[in-house]
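Please open the model in a viewer and keep the selection panel at hand. The tour proceeds by selections, with a short account of what is found at each.

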Amino acid sequence: MLMLLFVTLGLIVFGYFLWKYTYWQRHGVKGPRGWPLVGSMWSFVTARQHYGDVYHKIYNEYPELPYIGIYRLFGEPAILLRSTDMLKEVMIRNFQHFQDNVLWVCPKRDPVVWCNPFIAKGEKWRKMRSELVPIFTPNKVKSSFPHIENVCRKLMVYVQENMKTNCFEAKDLFSKYTLDVIASSAYGLDGETFTNTNSDFTTLVEHLFMPNPFSLLDSIVLLFSPTLGNLIKYTYIPKNVANWLESIIMNILSLRLDKEEKQHLNKMEHSDFIQWLIENKRKQNEPVDKATIVGHCSTFLIEGFETSSSLMAFALYQYAINPMEQQKVLNEIDEVLKRHDGKLCYEALQEMSYLEASLYETLRLHAPMMALLKHCTKSFELPPQQSGGHSFRIPEGMVCIVPVKAVHYDPDIYPEPLSFQPERFMGDKDKRPPCTFLGFGEGPRMCPGGRFGLAQSKAGIVTVLSKYSVHVADKAQGKPLKISPTTFLTAPENGIWLKFKERK
């Protein structure tokens, strides 16, 4: 009797999985076969491939289809968008059906991060984004340049002092730089990242997103399973970091608001992101909500330092292995700085079009996120996959995958996609077909701080390359760059090791 019960239960479970993994077959949508629990993500779960590479492989296997039906972890059916027309439908034309990004963060455990406009959902993201956009206008970025310029001087001193060893891990070097820039331009603080190995910014934040033994679990929670996140009480920002950040921002706000009220100080005494947030609130006759400003400050820190430091590190690596392209960048830096009497200024950076193109090309090859996930917030009908087929209505709650790496490596969009060719991005950016470059996202949820990120990245690179050329470090010669398969952001598995040579 007991044996019969087990057999019956086994047949029921087997039948359930058999039925579950015929979802796309039942709906007439083509795609790869799914396996119990792991779906189409086996090589990701076993840490053999980055999730972006899994999507890239599937993308290449169905070149004739505009979208593909796949199974994510735990048997979840999802749509992998393939054609640029389908990407435009989801990210631009019918954005109201797909307005939420998928990054599973609990607002109760991570209230500070919930203000991040990339993570926030529903109307929350609109409000958060509308408060950030005014502080990243060209004029505001230009106003923040003295902060960047000051940190560039620290960067140069640090490089000069460490030329004896002349073996720099690029991500570490530029994390110090971008953290110091954010500390100064956002909070009006000295991050001390170059001078104090025990500074809070260095010890608490610098290695926040680097590969670690729990990276795969973190990625699964963030991208696939809020249920698992709840079980393990996952937090996007560790509690001690969130508490530290809240404490310093609250102190800054209290000091500034109290001074203004008691001493009637000039509100323009400070020129940083926090002050601009305060001023924008007052312009609209709204109360200054300290908790929201703390949330925005977490966005400055997380988005501002990690993505830009990775961009700078990968860019210098590309220059090191592509000496002809590096020489073009060096020539442009020399020519532009000469026109500006050797002074690094915001106007000079705007004239460095080849440098900027090289950063776009770096983002194409090493996008911060290899895939973006869009949540269907209102059901939407897709056209048939093939002529004569049936349309498919995406149900509310289904995930649509924007395979960033796959698009960036598509030879039909970018010929010779593995080669580093900054010329691809020379010319009028407005004439570029939409949804073919996704380094900053696309549509209404495009990164609001991209302009500032490019400014600090260009300034740091110009500072170093105005004095030095860059090369692969001796310890890394002959070793290909490896990307961690477990992190949700694109990160080097064993670092990016470079050396500098003084230019004649």
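The stops below cover a sheet, a loop, two helices and a surface patch in what is a predicted model.

**The sheet.** Begin by selecting strands β4, β10 and β9, which form an open sheet of three strands in that order, with antiparallel pairing. Strands β4 (168-169) and β9 (468-472) lie at the edges; each has a single partner strand, so one side of each is left without a neighbour in the sheet.

**From β9 to β10.** Next, display the backbone of β9 together with that of β10 (residues 497-502). These two strands run antiparallel and are joined by five bridges. Two residues of β9 can be followed across to their partners: H471 is bridged to K499 of β10, and V472 is bridged to L498 of β10.

**From β10 to β4.** Now turn to the other pairing. Strands β4 and β10 are connected by two bridges, again in the antiparallel sense. Select E169 to locate its bridge partner in β10, W497.

**The helix on the sheet.** Add helix α15 (residues 290-321) to the view. Helix α15 packs on the sheet and touches both β9 and β10. The direction of α15 makes about 85° with that of β9.

**The loop between β9 and β10.** Select A476, which is located in the loop between these two strands. Is A476 buried or exposed? With a relative accessibility of 14%, A476 falls under the 20% limit and therefore counts as buried. Then measure from A476 to W497: their C-alpha atoms are 6.2 Å apart, although the two residues are separated by 21 residues along the chain. W497 is the residue already met as the bridge partner of E169.

**An enclosed helix.** Move to helix α14 (residues 273-283). Nine of its 11 residues are buried, so α14 is largely enclosed by the rest of the structure. The buried set includes F273, I274, W276, L277 and I278, and also Q275, E279, N280 and K281. After α14 comes N285, which has a positive phi, near 55°.

**A nonpolar patch.** Finish at the surface by selecting F214, L217, L231 and I232. Together these residues make a nonpolar surface patch of about 410 Å². Colour helix α12 (residues 226-232) to see where L231 belongs. The relative accessibility of L231 is 66%, over the 50% limit, so L231 counts as exposed.

Methods
Residues numbered from 1 in each chain as written. Predicted model: local features only at pLDDT ≥ 70, side-chain atom pairs only at ≥ 80, totals over all residues. Heavy atoms only, no water. Pairing = 2+ DSSP bridges. Helix = DSSP H or I, 4+ residues; strand = E, 2+ residues; numbered from the N terminus. Contact = heavy atoms within 4.5 Å. Axes fitted to C-alpha atoms, helices over the stretch in contact; angles between N-to-C directions. Patch = residues over 30% accessible without salt bridge, like charges linked within 9 Å, V, L, I, M, F, W, Y side chains within 5 Å. Areas by Shrake-Rupley, 256 points an atom, 1.4 Å probe, with all protein chains shown as cover. Salt bridge = Lys/Arg side-chain N within 4 Å of Asp/Glu carboxyl O. Buried < 20%, exposed > 50% of the residue type's maximum accessible area, 1.4 Å probe, protein only.
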